[in-house]
Amino acid sequence: METIRVATKERDYDVNVGPGALGLIGRYAGGADRIAVIADERVSRLHGDRLKQALREAGRTDVAWLDVPAGEPCKTVEWFGRTQQFLLEAGCTRKSLVIAFGGGACGDLAGFAAAAFMRGIDFIQCPTTILAHDSSVGGKTGINLPDGKNMTGAFHQPAAVLYDTALLETLPAEEIRSGMAEAVKHQLISSPERTEDMLAGLDYGSMDEQALLRYIVLGIQVKADIVGRDEREGSVRKFLNFGHTYGHAVEAAAGYGGLTHGESVMTGMLYALILSERLAGADRALTDRLQQFAERNGYPLRAVADYSFDELYRYMKKDKKASFGELHFVLLPEAGRPEMRKAEEADCRKADEELRKRLGVAS
Ligand SMILES: NC(=O)c1ccc[n+]([C@@H]2O[C@H](COP(=O)([O-])OP(=O)(O)OC[C@H]3O[C@@H](n4cnc5c(N)ncnc54)[C@H](O)[C@@H]3O)[C@@H](O)[C@H]2O)c1
Ligand SMILES: [Zn+2]
């Protein structure tokens, strides 16, 4: 088991990662007068018994349980409302504990449910996807509005994260690609050596449990370090958005669920590197290596062919990160050295053309 300590102004907490991490639940659930689990329904079906057993072993059988729709469809105002009703009916008080059991979507909903109920009660993240190594750390919680992803939410740090990597065995290939894209992002923005290491050698098809655990831990360390320095995205936390401006646009154009988040972000990172070549003097060699890596690991990069630049640009301008109609990108002049830059529409268009050219799809 690996433990990473996250230190924020709101609170300090441990992220426990490894097979069997759910078994530590007793350490954190002891003081709660009531425990309420909010679970992704698929995860509930696949792995619910493990959490129930861990709770039983910790002497907690009085657990309320709410299954929410699998994945993104749970992040709605309607389901948020249902969580509040559920917590009330379960008899929760200020001293109760919410447990989020699922991927990033369920974690975002359950975290926001805990942030809002009685103006904030404790919650524990039990992430079950690779991507959730990112989303379960850092305290961003929230839901979608019909016209905007993650538009309503709160900062609310978990009391702990129990990341049982044994649950990752049932993940489908596209979810492995999705989560690993964020793991690659964490190295790209922080370490040239580890970036090289990942891009050169990593093949998801032959990645064993030990290697996966290592990449997850490395990713969490980067995220924890950044969040510790900038909890509310005033400065360095923005770097975590590397690849996300264009990536979110592709994800939105595909209709949420058409492509996974990380698959879209991988395309977005290639785009951001091409923009970095244009605006920040980045060397093309890194872009080429990332492209080869993404192709080797089956990322659906050519899906951009289905959307025009104008369509993607409209989405980019709607992004929360656009301010006063200007687009700001995280660029990488070199691996490990992110910086923020404003980009004009003409540069964005050129980078989009170049991306399509390199992918061999028409503009
Ligand atoms: N709060 C943050 O800081 C932050 C950061 C990044 C992403 N996010 C959010 O995270 C969400 C994406 O999270 P995600 O990629 O984990 O996807 P997800 O939660 O939508 O889950 C993806 C799919 O995997 C299934 N699943 C989950 N665990 C499984 C398992 N162990 N075995 C088999 N199937 C399993 C789910 O049922 C779902 O169908 C987005 O809503 C995004 O906005 C939040
Ligand atoms: Zn992301």
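Along the chain, the donors of the zinc ion, ligand 2, follow the spacing E-x61-H-x16-H. Please keep in mind that this is a predicted model. Which residues stand behind that pattern and coordinate the zinc ion? They are Glu182, through OE, His244, through NE2, and His261, also through NE2. The coordinating distances run from 1.9 to 2.1 Å.

Let us take two of these donors together, Glu182 and His261. This pair links distant parts of the chain, for the two residues are 79 residues apart. Glu182 belongs to helix H6, which covers residues 173-188, while His261 belongs to helix H10, which covers residues 261-280. Are these two residues buried or exposed? Both Glu182 and His261 are buried.

I turn now to the empty space inside the protein. Rolling a probe the size of a water molecule over the atoms shows where such space is left. The structure holds 1 cavity of 30 Å³ or more, and the largest cavity contains about 30 Å³ of space.

Which residues line the largest cavity? The lining consists of Leu270, Ile274, Thr287, Gln291, Leu355, Arg358 and Leu359. Helix H10, already mentioned for His261, appears here again: H10, helix H11 (284-296) and helix H13 (345-359) each supply at least two residues of this lining. The largest share comes from H13, with 3 residues.

Finally, consider the character of that lining. Of its residues, 4 are nonpolar, 2 are polar and 1 is charged.

To summarise, the zinc ion is coordinated by Glu182, His244 and His261, and the largest cavity has residues from H10, H11 and H13 in its lining.

Definitions and conventions
Residues numbered from 1 in each chain as written. Chains lettered and ligands numbered in written order. Predicted model: local features only at pLDDT ≥ 70, side-chain atom pairs only at ≥ 80, totals over all residues. Heavy atoms only, no water. Donors = N, O, S within 2.8 Å, 3.2 Å for Na, K, Ca; no water. Helix = DSSP H or I, 4+ residues; strand = E, 2+ residues; numbered from the N terminus. Buried < 20%, exposed > 50% of the residue type's maximum accessible area, 1.4 Å probe, protein only. 1 Å grid on protein atoms, 1.4 Å probe; cavity = no way out; pocket = protein on both sides within 12 Å on 5 of 7 lines; lining within 4 Å. Points joined across faces, edges and corners; volume = space filled by probe spheres on them. Nonpolar A, V, L, I, M, F, W, Y, C, P; charged D, E, K, R; others polar.
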